[in-house]
Amino acid sequence: MARIEEKQAWKANGFLFILLAIGLAIGGGLLLINENGVGAVLVVVAILLLPGFVIVQPNEARVLIFFGNYIGNITEDGFHWANPFAIKKRISLRVRNFNSDKLKVNDANGNPILIGAVVVWKVVDSAKALFDVDDYEEFVDIQSETAIRALASNYPYDSHEPGVSSLRGVPEEVGEALRTELQERLNIAGVEVLEARISHLAYAPEIAQAMLRRQQAQAVIAARKEIVEGAMGMVEMALKHLEGQGVVELDEERKAAMVNNLLVALVSEGETHPVINTGSLYQ
């Protein structure tokens, strides 16, 4: 299939041609009064000029089609005159929003989720938008929903593993990936995707409660892991400090007891109660 490339159509100043049409109409009318046959020709020419007038609003284009052939665009706003026998189709170049429905899809882990997105787009090639797809607005809607489904299947809903991107964890990365995916799909329609972002994200109702408990459990495990790692570092630092300063010498058994007591004190969720030993270390 041959691709149509956007080009500018020939046009003229509309005010000059409206003066010309008025002059022809007046001159033709005067000649007709004098029963001059040329007057009828001038009046007919003036009438034929009328369909050529076109007003183009800012951020708007007119696509000209002459007996089935694309002859160009008029994108400059103002009052113009162009081929009077050409069909002049209006197409908006303004920025638009597409708000998707809440789509039910499986994430990368196979969990059913509800996801929605907002896509900001505009037409940048009116010839492609009009001739290369049947309905460019419907095309944007369908391709956007398809891209959202494809994106959701490539990411897990959430992840506590380092280095693993998720829909919930890296919204900027996900939005950029969606924009890139959409742009590849919509190039054929002469559409530029300005922005894409997730507007709704949730587990499907049938698993929402179970996944919430799982998410909470994963968060607790991740938090405990960090607490334990931090506590181990503090215990190691305390032992090194005691030995380095020569405050006390501990054998392996007493080191183990001290490590145990410090870990209990640092990791325990409940309040700890110290026991004061006033006896000798060697009892």
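## An exposed phenylalanine

Phe67 is exposed, with a relative accessible area of 67%. That value is over 50%, so the residue counts as exposed. The model shown here is predicted.

Phe67 sits in the loop that links β3 to β4 (69-74). Its phi is positive, at about 50°, although Phe67 is not a glycine. Asn59 also has a positive phi, about 55°, and is not a glycine either. The loop that holds Asn59 runs between β2 and β3.

## The chain as a whole

The chain has 283 residues, and 32% of them are buried. It holds seven helices and 10 strands. Its accessible surface comes to about 17500 Å². Carbon and sulfur atoms own 56% of that surface.

Take the contacts with a separation of 6 or more. Of these, 67% are between residues 24 or more positions apart.

## The largest nonpolar core

The largest nonpolar core has 34 residues. Trp121 and Leu178 touch the most other members. Several elements give two or more residues to this core: β3 (60-66), β8 (103-106), β9, α3 (126-131), α4, α5 and β10. Both domains take part. At least three residues come from domain 1 (12-92), and at least three from domain 2 (95-205). Another core lies apart from this one. That core has eight residues, among them Ala12, Ala21, Leu24 and Trp81.

What does Trp121 contact, leaving aside its neighbours within four places in sequence? One run of partners is Arg94, Val95, Arg96, Asn97 and Phe98. Tyr136, Glu137 and Val140 are in contact with Trp121 too. Val191, Glu192, Val193 and Leu194 complete the list.

## Helix α5

Helix α5 spans residues 171-186, which makes 16 residues. From first C-alpha to last, α5 reaches 22 Å. That is close to the 22 Å expected at 1.5 Å a residue.

Which residues of α5 are buried? They are Val174, Gly175, Leu178, Leu182, Gln183 and Leu186. An α-helix has 3.6 residues a turn, so residues three or four places apart point the same way. The cover over the buried residues of α5 includes β9 (112-123), α4 (136-152) and β10 (191-203). Leu178, buried in α5, is one of the two residues that touch the most other members of the largest core.

## Strand β8 and its hairpin

The side chains of β8 alternate. Leu103 and Val105 point to one face and are buried. Lys104 and Asn106 point to the other face and are not buried. β8 pairs with β9 in the antiparallel sense, over four bridges. Leu103 has Ile115 of β9 as its bridge partner. Five residues stand between the two strands of this hairpin. In the hairpin, Gly110 takes a positive phi near 85°.

Val105 lies in strand β8. Its relative accessible area is 13%, which is under 20%, so Val105 is buried. Leaving out residues up to four places away in sequence, Val105 touches Asn111, Pro112, Ile113, Ile115, Arg149 and Ala152. Val105 and Ser153 are 48 residues apart along the chain, yet their C-alpha atoms are separated by 7.4 Å.

## Lys89 in strand β6

Is Lys89 buried or exposed? Neither label fits: Lys89 counts as partly exposed because its relative accessibility of 39% falls between the 20% and 50% cut-offs. Lys89 belongs to strand β6 (residues 87-92).

Residues up to four places away in sequence are not counted in what follows. Lys89 touches Ala61, Arg62, Val63, Ile65 and Leu130. Its C-alpha atom is separated from that of Ile65 by 8.0 Å. Along the chain, Lys89 and Ile65 are 24 residues apart.

## A three-stranded sheet

Strands of a sheet pair through backbone hydrogen bonds, either parallel or antiparallel. One open sheet here has three strands, in the order β1-β5-β2. Their pairing is antiparallel. The edge strands are β1 (12-13) and β2 (53-56), each paired on one side only.

How many bridges join β1 to strand β5 (residues 78-81)? There are two. Asn13 stands opposite His80 in β5.

Terms used. Residues numbered from 1 in each chain as written. Predicted model: local features only at pLDDT ≥ 70, side-chain atom pairs only at ≥ 80, totals over all residues. Heavy atoms only, no water. Expected span 1.5 Å × (residues − 1). Buried < 20%, exposed > 50% of the residue type's maximum accessible area, 1.4 Å probe, protein only. Contact = heavy atoms within 4.5 Å. Core = buried A, V, L, I, M, F, W, Y, C linked by side-chain atoms within 4.5 Å. Domains from an automatic or database assignment. Pairing = 2+ DSSP bridges. Areas by Shrake-Rupley, 256 points an atom, 1.4 Å probe, with all protein chains shown as cover.
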